[in-house]
Amino acid sequence: MNITFYGGVREVTGSMHLISSGNDHVLLDCGMIQGRRKESEARNKILPFHPGLITNAILSHAHIDHSGRLPILTRNEFNGRIACTRATADACRYLLMDSAHIQESDARYLNYKTVRHFLYQIKASQKTQDVSRKEKAKIQALLKKDHHELNTDAIDDIMHRYHLDRIIPLYTRDDAEKSLGFFDGYPYGYPISVGRDMSALFYDAGHILGSSITVIRAVEKQKKFTIVYTGDIGRFDMPILQNPTLNFAEEDRNVDLLIMESTYGNRVHEPTADLKPSLKNVLNETWARGGSLIIPAFAYGRTQDLLYRLHELFNENAIPRLPVYVDSPLATQITRVFGEHPEVFDAQTHTTFLEKGQNPFSFDQVTFVSSVEDSMALMREERPHIVIAGSGMCEGGRVLHHLRYKIHNPKNTILIVGFMAKNTLGRRILEKGLAYEADGRSGPPPLVRFFNKDYPLKAHVVRLGGFSAHADRDEMTRFLKESNLNIKKIAVVHGEEEQSLAFETHLNQAGFSAKAPMPGEIMTLE
Ligand SMILES: [Zn+2]
């Protein structure tokens, strides 16, 4: 039996592994590679196998770095099914459509830029001088229907006529829609046949709603094998979700190979117990200044974590009853998916909310903003409020408009609750804001550039680090030590190279037999 580690190997995105045994070829995850656009686009476009060869796919959870290339898999000649938990299937309905929408609009915008640049060059060469403002405006008028909408017909026409290089979206909404027809959602603990001699069963991974640790049982030449794929592992004692599973069924306990994530293989998080009091302090300080709180947050997971904790603080009368706005259509849809899956919530969520007849994510003060008009009115709202909006790293979406109106006001707070990757606006706000705070806010405020303009960062910037959905090194070690699994071998995946290698060493020192495979490496079980 062979396991090929195709993606999410010595990196954190693009998870994809293949288990091959006899005639069965079962794919574990089919994630999008994220990062610099040009490099990741080239790598995302081509799957390392023919989709027709895959028997079935198993999806550990709905995050795009695990699910984002499924529409490419299912576009042509895939004859299998995609097995996952019910909540994962429900979340993918929105996340994959949103991902396709982003692919399409990015491609449209890049093609617009290509054509605009080409027309400017023609004008410049005609006059051998810079293009005048008037001529630029004329070109803009040709290529844009109004301030927001591009004239795609005109852009396509010019691209075609002058043979310009067109960017084609990785996949379209039609492709994403088609992929949704392949999903089969199952409850945890329900055995599924995924190949002629292979079955799978999901246990809760506690990482995000619907996330699973998958046990794959296979028979090859009359010999039985058990492979366990952790997907992403969650943390212990976080609200909403169950802890990562520690008790596995007797027949799943003896594991030939554990494929394990290592995002934080060499790091330890801030304790989760500090989160609620810290959130309370930030809110009360902002309220005392008469300001608003802007929280950039991912639609899936972080938004619901925040709503849960705000609801709890409101119930305890620990914070002023400020209005809360979730200004993201995707977050609104995903919050509904959360509400529809109380069967996977932990006991704490049941006692704190459900047994009292309360929905953890919906309460008197919260408004889900859907229309653009309502969102625009909210941007200009000056009465103190809390707004949760995407994108999580401030790279696009409605949060940019809230920042545009609120970043220059020292009464306001920008609360950072998620990881901010390098070269994102979120990272710049975080670094410049924290440095300014550390300096005692003396001197002129730092400038932050977006929408082609420099904005003075006068709003306070606060970071709460304990929200991570990934187990850290100690929590992953706890999972291994406290679970009832007997593990022969561990393949360390899903971590930056440095994290994976450090975790590999850590595990070997702790008495396990661990290896961080290279991308494309094949491991054989006999
Ligand atoms: Zn994840």
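This note goes through a zinc site and one helix of a predicted model.

1. In this predicted model, local features need pLDDT of at least 70 and side-chain atom pairs count only at pLDDT 80 or more, while totals for chains, interfaces and linings use all residues. Residues are numbered from 1 along each chain as its sequence is written, and side-chain values use heavy atoms, with hydrogens and water left out.

2. The zinc ion has as its protein donors (N, O and S atoms within 2.8 Å of the metal, or 3.2 Å for Na, K and Ca; with water not among the atoms, sites may look incomplete) His61 (NE2), His63 (ND1), His207 (NE2) and Asp232 (OD), which lie 2.2 to 2.3 Å from the ion. His61 lies in the loop between β4 (56-58) and α2 (64-67), and His207 in the loop between β8 (198-204) and β9 (212-220), so this pair ties together parts that are 146 residues apart in sequence.

3. Both His61 and His207 are buried, a term that means under 20% relative accessible area, with exposed being over 50% and partly exposed in between (1.4 Å probe, protein chains only).

4. Turning to helix α14 (helices are DSSP runs of H or I with at least four residues, strands runs of E with at least two, numbered from the N terminus), its buried residues are Leu425, Gly426, Ile429, Leu430, Gly433 and Tyr436. Seen down the axis of α14, these buried residues fall within an arc of 145° (taken from the directions from the helix axis to the C-beta atoms), so they line one face of the helix.

5. The buried residues of α14 pack against α13 (399-406), β17 (413-416), β18 (447-450) and β20 (460-463), where contact means heavy atoms within 4.5 Å. After α14 comes Gly440, whose phi is positive, near 75°.
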